[in-house]
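Please find below my notes on the model, set out point by point. They are meant to be read with the sequence and the structure side by side.

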Amino acid sequence: MKFKVDKELCIGCAACEGVCPQVFEMRDDDKAHVIIDTISAELEESALEAEESCPVEAISHE
Ligand code: SF4
């Protein structure tokens with residue numbers, strides 16, 4: 001499973017990083033960045049939770 005953040009939509013609230021810091025990291029541009037390319041099975045649930053926590057639905061996965 002791969003996640004991505006739409007930088008146009010991201011408002012920099014850091015909710016995703018709060019839920020799943022292993023996958024999402026806030027950077028100097030005040031946007032969330034995905035720091036793992038392919039998410040392991042153990043992290044999937046937490047990464048999906050982070051996706052759900054995003055108030056502007058900027059996170060998607062495939
Ligand atoms: S939860 Fe959504 S809006 Fe907030 S930092 Fe993460 S991607 Fe951006």
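1. Asp30 has 11 other C-beta atoms within 10 Å, and because a residue with 12 or fewer counts as exposed, Asp30 is exposed. The residue is found in the loop between β2 and β3, the latter being residues 32–34. Its phi is positive, at about 60 degrees, although Asp30 is not a glycine. Most residues other than glycine have a negative phi, and this backbone angle can be looked at with the caution due to a predicted model.

2. Ala14 also deserves a look at its backbone, since phi is positive here too, at about 70 degrees, and Ala14 is not a glycine. Ala14 lies in the loop between β1 and α1, and with 14 C-beta neighbours inside 10 Å it counts as partly exposed. Along the chain Ala14 and Glu25 are eleven residues apart, while their C-alpha atoms are separated by 8.1 Å.

3. The loop between β1 and α1 is also the place of Lys7. Lys7 has 12 other C-beta atoms within 10 Å and is therefore exposed. Its C-alpha atom lies 7.8 Å from that of Ala32, although the two residues are 25 residues apart in sequence.

4. Which residues are the closest to the ligand? They are Cys10, Cys13, Cys16, Ala32 and Cys54, within a set of 14 residues that surround the ligand. By residue type, the shell around the ligand consists of twelve nonpolar and two polar residues, with no charged residue. When reading this division, please keep in mind that Cys is counted as nonpolar here.

5. As to the overall fold, the protein chain has two helices and four strands, and these follow one another along the sequence in the pattern β-α-β-β-α-β. The radius of gyration of the protein chain is 10 Å, close to the 11 Å that the globule rule gives for 62 residues, so the chain is as compact as a globular protein of that length. Taken along the principal axes, the C-alpha atoms fill a box of roughly 30 × 20 × 20 Å. Of the 62 residues, 21% are buried. Among contacts in the protein chain with a separation of 6 or more, 61% are between residues 24 or more positions apart.

6. Helix α2 comprises the 13 residues 41–53, which at 1.5 Å a residue should span 18 Å; the C-alpha atoms at its ends are 19 Å apart, and this agrees with the expected value. Which residues of α2 are buried? They are Ala47, Ala50 and Glu51, and they cover an arc of only 100 degrees around the axis, which puts them on the same side of α2. An α-helix has 3.6 residues a turn, so residues three or four places apart point the same way. On the other side of α2, Glu42, Glu45, Glu49 and Glu52 are exposed. The cover over the buried residues of α2 includes β1 (3–5), α1 (15–19), β2 (24–26) and β4 (59–61).

7. Gln22 is found in the loop between α1 and β2, where it has 15 C-beta neighbours inside 10 Å and so counts as partly exposed. Leaving aside residues up to four places away in sequence, Gln22 touches Ile36 and Leu43. Gln22 and Ile35 are 13 residues apart in sequence, and their C-alpha atoms are 7.6 Å apart in space.

8. Is Ile35 buried or exposed? With 12 C-beta neighbours inside 10 Å, Ile35 counts as exposed, and it is found in the loop between β3 and α2. Not counting residues up to four places away in sequence, Ile35 touches Val23 and Glu25. Val19, by contrast, is 16 residues from Ile35 in sequence and 14 Å from it in space, C-alpha to C-alpha.

Conventions:
Residues are numbered from 1 along each chain as its sequence is written. This is a predicted model: local features need pLDDT of at least 70, side-chain atom pairs count only at pLDDT 80 or more; totals for chains, interfaces and linings use all residues. A residue is near a molecule or strand if its C-beta atom, placed from the backbone, lies within 6 Å of it. The expected span of a helix is 1.5 Å times one less than its number of residues. A residue is buried if 20 or more other C-beta atoms lie within 10 Å of its own, exposed if 12 or fewer, and partly exposed in between; C-beta atoms are placed from the backbone. The arc is that of the directions from the helix axis to the C-beta atoms. Two residues are in contact if their C-beta atoms, placed from the backbone, lie within 7 Å. The radius of gyration is taken over C-alpha atoms; the globule rule is 2.2 Å times the number of residues to the power 0.38.
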